[in-house]
Amino acid sequence: MGELGAFKKLARAESPERVPAERIGDHREFVRVLPLAELRDQGARCMECGVPFCHGGCPLGNLIPDWNDLVYRDRFPEAIVQLHRTNNFPEFTGRLCPAPCEAACVLEIDEGNAVSIKQIELAIVSRAWDEGWIAPEPAARPSGHSVAVVGSGPAGLACSQQLARAGHAVTLFERDEEAGGLLRFGVPDFKIEKRVVERRLAQLEAEGVELRLGVEIEDRAQLDRFDAVVLATGSRVPRDLPVPGRELDGVHFAMEYLYGRNRDVAGTAPAEISAAGKHVIVVGGGDTGADCVASAHREGAASVTQIELLGEPPPHRPDDLTPWPLWPAKLRTSYALKEGGERSFSISTTRLSGNGRVSQIHWARNSGSPPFEPVPGTEETRPAELVLLAMGFLGPEPRLLEELGVERDGRGNVATEGFVTTVPGVFAAGDARRGQSLVVWAIDEGRRCAAAVDAWLARRDPGERRYAAAGSPGSRGGL
């Protein structure tokens with residue numbers, strides 16, 4: 001596998017990036033692909049481990065050593081076949097996944113020395129698109145069954161593609177005007193240009209998936225004609241900030257801001273929320289918060305500050321808390337903060353103030369761990385003309401679940417046994433089922449849910465009623 005001993009003489013190569021001073025002037029992707037010679041060197045570094053822990057680190061179980069070796073040998077057409085065996089959309093994960101596979105790489109025992117798996121993945125699929133190796137794969141014959149998938153994020157897209165390739169007639173419903181979910185409207189173009197999403201949508205349509213855009217499922221009768229239904233609506237209820245002044249103008253959820261920015265960049269609608277010339281506070285230290293920071297930079301904000309409730313993590317992997325091969329809980333600096341702005345940890349917001357519109361944020365330093373008690377004498381006030389709340393999500397929106405009679409678990413997500421909900425013939429996948437998570441988990445959820453739906457449909461005749469009559473023996477409630 002790779003070159004014997006190469007990991008001893010070849011260093012890890014990081015993803016090449018456009019310099020911050022250049023990239024903040026536009027919305028083009030800032031991550032580049034390594035040259036071929038360097039990619040082959042990185043593939044050569046794969047160790048032929050007796051146990052490839054990278055498989056377990058990747059939710060999709062990607063066959064990483066296999067395609068590392070194929071890249072090393074310059075056999076890219078075979079590499080994309082191996083990559084697609086486990087991952088429908090490697091160009092999504094190659095751009096957006098934080099790469100838990102690299103954290104699980106045996107070379108990562110020497111921290112910072114893992115094989116550049118994510119960069120190799122992106123290079124394989126990028127070349128495959130450029131060379132025309134990726135083509136629609138329609139089913140050989142129809143099954144006679146129909147499936148509705150509600151929600152066109154990565155879970156819904158992966159589920160739809162797998163079901164269509166199994167021969168089922170798939171209709172994908174999306175309430176927004178374009179498909180892609182947060183890939184389209186939540187993640188900025190400088191991380192994933194929308195052409196990347198659009199070419200996969202074109203592939204799905206060529207494989208027989210019907211896209212119904214701008215359609216909100218408001219009545220269960222809209223789904224009655226389908227043999228099965230998959231809920232892939234995501235986790236879209238944002239966590240709020242219950243402090244005095246939350247009602248002031250200029251305080252918004254992060255997705256309100258990012259949806260507007262993405263539509264503005266696409267030229268489809270002007271943004272109603274702007275950071276231009278303003279002192280911006282981003283509450284929340286995750287990826288969504290980073291996207292807000294970077295978007296504010298590109299708008300020309302007067303200042304950008306990102307605050308985090310939790311304490312500052314250690315600079316290196318804490319072996320007592322998250323030993324290899326677990327994902328390390330250590331300090332990371334986002335791409336957005338490399339472009340500018342400030343970051344503060346252990347911050348508890350106490351109130352927001354202003355005359356009708358927010359102008360200041362008031363906070364205190366906290367203990368850095370639950371229950372995050374404020375430290376006396378650490379109160380501060382900062383200018384804040386735009387406050388963006390990026391504190392995560394609490395679960396799926398409840399209205400459709402209530403309309404369908406689908407039960408929820410203790411966390412507010414769709415309750416399932418595997419992927420089967422409490423309503424016969426209704427399945428759930430992605431963040432709606434497991435809670436807020438990563439794009440790689442969403443694709444995995446979509447694939448495994450499709451397998452569950454396919455197995456369920458295989459036991460039924462086309463046209464057989466999906467729902468048992470309410471109150472009948474064995475019924476778990478009908479629509």
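Which side chains meet in a salt bridge with an N to O distance of 3.5 Å? In this predicted model, the pair consists of arginine 408 and glutamate 402. A salt bridge is taken here as a side-chain nitrogen of Lys or Arg within 4 Å of a carboxyl oxygen of Asp or Glu. Arginine 408 is partly exposed, at a relative accessible area of 38%, whereas glutamate 402 is exposed, at 53%. These classes refer to relative accessible area, with buried meaning under 20%, exposed over 50% and partly exposed in between (1.4 Å probe, protein chains only).

The model is a prediction in which local features need pLDDT of at least 70 and side-chain atom pairs count only at pLDDT 80 or more, while totals for chains, interfaces and linings use all residues. Residues are numbered from 1 along each chain as its sequence is written, and side-chain values use heavy atoms, with hydrogens and water left out.

Under the stated criterion, 38 salt bridges were counted. Among them, arginine 165 and glutamate 207 are joined through their side chains at 2.8 Å, N to O. Arginine 165 belongs to helix H10 (residues 154–165), and glutamate 207 to the loop between helix H12 (194–206) and strand S3 (210–213), so this salt bridge ties together parts that lie 42 residues apart in sequence. Helices (H or I, at least four residues) and strands (E, at least two) are DSSP runs, numbered from the N terminus. Arginine 165 is partly exposed, with a relative accessible area of 26%, but glutamate 207 is buried, at 6%.

A further salt bridge links arginine 73 to aspartate 69, with 3.0 Å between the closest N and O atoms. Here too, the two partners were assessed for accessibility: arginine 73 is partly exposed, with a relative accessible area of 40%, and aspartate 69 is buried, at 13%. In addition, a network of salt bridges connects Glu17, Arg23, Arg298 and Glu339.

Cysteine pairing was examined next. With a disulfide defined as a pair of cysteine sulfur atoms within 2.5 Å, the count is zero. For cysteine 54, the closest cysteine sulfur is that of cysteine 46, and the pair remains unbonded because the separation of 6.2 Å is too far for a bond. Cysteine 97 likewise takes part in no disulfide, the nearest cysteine sulfur being that of cysteine 101, 6.2 Å away. Cysteine 54 is buried, with a relative accessible area of 8%, and cysteine 97 is also buried, at 8%.
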